[in-house]
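Biologist: I'd like to learn how to read a few features off a model. Could you walk me through it?

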Amino acid sequence: MRLMSRTSTTMVVLALVGATALAACGKANNGSSNAAVKGYAGIPAQAKSKTSGGTITFGMAAGATPTYIFPITPGADLSVYTAGFFQSLMYRPLWWSPSGDQLAYNYPESIGNQPVFSNGNKTITINLKSNYKWSNGESVDAQDLIFYTHLLEGAVQLSPANFGDYTPGLFPDNVASITAPSKDQVAITLTKAYNPSYTLYDQLGVLTPMPLAWDVTSFGKAADSGGCLTDSAADKWAKCKAVYTYLNKQALSLSTYASNPLWHVVDGPFTLSAFNPSTDANTMVPNTAYTGPDKPTVSKFEEVAYTSDSAEFSALQSGQLDVGLIPSDDYPQVPKLKTSGYAVFGYPDFGWDYMVFNFKDTTNDWNNIIGQLYVRQALAHLVDSAGYIKSVDHGYAVPATGPVPPEPASPYTPSNATSLYGFNVSQAKSILAAHGWKVVNGVQTCQSSKCGTGIPTGTQLKIQLVYNSGSPAITAEDTAFASDAKSAGIPVSLIGKTFTFMISNYDDPAAPSNVSKWEMEDFGGFSEATYPTTEEIFNTTGSFNIGGYHSTKADSLINDSINASNPTAVKNEAAYIAENLPALFQPEADHVYAWKTSMSGPQASFWELTQFSINPEQWYFTK
């Protein structure tokens with residue numbers, strides 16, 4: 001999964017590495033309707049006239065910036081902004097997505113061809129295209145995937161936190177062998193068979209070729225060969241651990257990103273020429289040795305950082321940006337922006353937005369309170385989805401009550417994806433009253449053993465909700481939620497923190513020392529893989545199980561999604577997660593982008609922006 005900040009719409013997202021950018025049907029949206037329109041309605045047709053050169057400026061919303069360059073990324077840095085909008089421009093994943101506006105890999109844009117499953121779905125054979133080269137002249141081939149997998153083994157052996165998408169027992173732990181039958185062919189045999197869709201779109205989606213120039217413990221004329229490529233489990237990945245430790249140390253030095261020769265060995269269309277460690281703003285220039293499709297014709301691609309969403313939107317309004325995200329507060333300004341020379345398009349990403357419960361915080365018996373399903377159901381009735389869509393999103397959102405949204409379209413969307421716990425303050429109060437709670441001096445207070453095990457009589461239902469203060473949309477939604485909760489006798493104390501602070505400090509697996517320092521948080525949400533199992537998030541041992549959620553039934557359904565061949569298994573999982581409420585699900589908001597009409601490219605390249613995928617090498621200025 002990858003973290004994403006809900007700074008411009010109602011969402012912050014963690015995107016599953018299995019497919020960082022996903023797609024479905026395009027949608028034209030004028031802020032008053034959410035009717036789906038297939039294709040790229042609202043996106044101008046690609047201009048035939050093209051001029052070479054020029055600098056494309058890309059506005060990054062506040063807090064939505066890249067923070068780590070090395071593609072084995074710790075959970076605290078694994079955001080879509082780090083992966084999709086930064087790393088992938090230099091270091092291509094094995095498979096690119098989306099494919100147009102479909103939930104699929106785009107094999108023509110990928111280094112790897114479509115894999116072949118055999119041996120009862122335990123062996124996956126992947127043929128790499130022979131034309132890809134690293135900027136140092138070496139081929140991108142099978143050895144680079146073996147090196148990546150071995151290095152990943154060393155990283156997670158050192159600490160599971162070193163790889164944000166790691167779940168114990170799954171990739172890379174479940175790799176029985178990885179070999180290169182030929183220069184451009186890799187054969188991966190797993191220890192057991194899994195659902196092929198899960199294997200392809202979730203587990204193997206993390207595969208990223210890495211240059212053998214990185215198989216070192218120092219870099220330069222006297223570079224020390226790391227030996228990770230030929231390391232093995234028999235050696236307890238000692239050499240890979242040393243190589244990972246060196247590379248991670250280099251990646252933690254943000255001030256040297258542009259100067260460190262390590263990071264200039266790239267196979268993507270761009271290479272880094274400048275990086276500001278204070279703001280994360282950066283400049284990329286074309287990789288002159290790039291051998292993939294769509295060689296860049298622009299001179300530079302600049303990602304510009306802002307301290308606030310309003311500052312970023314002001315830059316759009318004044319024409320200082322060529323491409324930028326429109327904050328939700330400014331959706332009413334879309335018509336004016338269009339008349340000033342911008343095209344505008346928005347669509348929800350494939351994922352969800354939520355307020356996370358911390359099931360491990362023992363302060364004031366919170367763990368026992370939130371462990372009661374009826375409490376979670378009462379709180380769910382205080383989420384005013386229709387009100388948020390109207391007042392916060394200005395129509396640029398769809399209702400969503402679980403982890404698989406109604407849009408983009410997916411065969412895995414359950415029937416309860418949009419309607420489950422409707423907004424009803426009276427219903428919330430009735431549920432609590434039926435379980436022994438009574439409003440005393442304006443606060444819901446436990447009156448009997450009916451409240452549940454571990455909840456003493458006299459306990460008050462109060463909540464501290466930490467919210468992403470950099471997101472106007474989150475601030476507005478959570479303020480409205482607190483108001484509605486108060487009317488139900490549940491005081492909610494709002495505590496604003498930055499997105500980066502929250503994902504680093506309020507995460508039970510990654511920051512266990514802070515487990516009793518928060519009760520609920522709203523950093524945003526997640527963006528999913530094409531096969532949308534939540535095994536990394538709502539599985540008991542999931543690396544992104546931020547709030548320590550545990551459900552034996554959820555674990556069983558997730559296990560079925562991973563291991564069973566039943567195509568509806570993951571839909572059953574999603575339906576139960578929506579019912580059991582490991583968090584409060586909120587509307588799925590559009591991500592709305594604007595770009596100058598003097599800039600063009602394939603329509604798909606602009607649609608992709610809403611799915612946190614970016615191909616600026618396909619963009620150009622018109623004559």
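Modeller: Sure, burial first: a residue is buried under 20% relative accessible area, exposed over 50%, and partly exposed in between, using a 1.4 Å probe and protein chains only. Helices (H or I, at least four residues) and strands (E, at least two) are DSSP runs, numbered from the N terminus. Keep in mind that this is a predicted model, where local features need pLDDT of at least 70, side-chain atom pairs count only at pLDDT 80 or more, and totals for chains, interfaces and linings use all residues. Residues are numbered from 1 along each chain as its sequence is written, and side-chain values use heavy atoms, with hydrogens and water left out.

Biologist: How many residues of helix α8 are buried, then?

Modeller: Six of the eight in α8 (residues 373-380), so the helix is largely enclosed by the rest of the structure. The buried ones are Tyr374, Val375, Arg376, Ala378, Leu379 and Ala380.

Biologist: And single residues: is Ser419 buried or exposed?

Modeller: Ser419 counts as exposed, because its relative accessibility is 53%. Look for Ser419 in the loop between β13 (397-398) and α10 (425-434). Ser110 sits in a loop too, between α1 (80-90) and β3 (116-118), but Ser110 is buried, at 0% relative accessible area.

Biologist: What does Ser110 touch?

Modeller: Contact means heavy atoms within 4.5 Å. Leaving out residues up to four places away in sequence, Ser110 touches Leu94, Trp95, Trp96, Lys129 and Tyr132. The Ser110 side chain also reaches the backbone oxygen of Asn106 at 2.6 Å.

Biologist: How do I read a pair of helices?

Modeller: Fit axes to the C-alpha atoms, for helices over the stretch in contact, and take the angle between N-to-C directions, from 0 to 180 degrees. Under 35 degrees is roughly parallel, over 145 roughly antiparallel, 65 to 115 roughly perpendicular, and the rest oblique. Here, the axes of α13 (residues 552-563) and α14 (residues 569-580) come within 8 Å and cross at roughly 160°, so the two are roughly antiparallel to each other.

Biologist: Which residues of α13 and α14 make the contact?

Modeller: From α13, Lys553, Ala554, Leu557, Ile558, Asp560 and Ser561; from α14, Ala569, Val570, Asn572, Glu573, Tyr576 and Ile577. For classes, Ala, Val, Leu, Ile, Met, Phe, Trp, Tyr, Cys and Pro count as nonpolar, Asp, Glu, Lys and Arg as charged, and the others, Gly among them, as polar. That gives this contact seven nonpolar, two polar and three charged residues.

Note on methods:
Polar contact = N/O pair within 3.5 Å; in protein donor to acceptor, adjacent residues only side chain to side chain.
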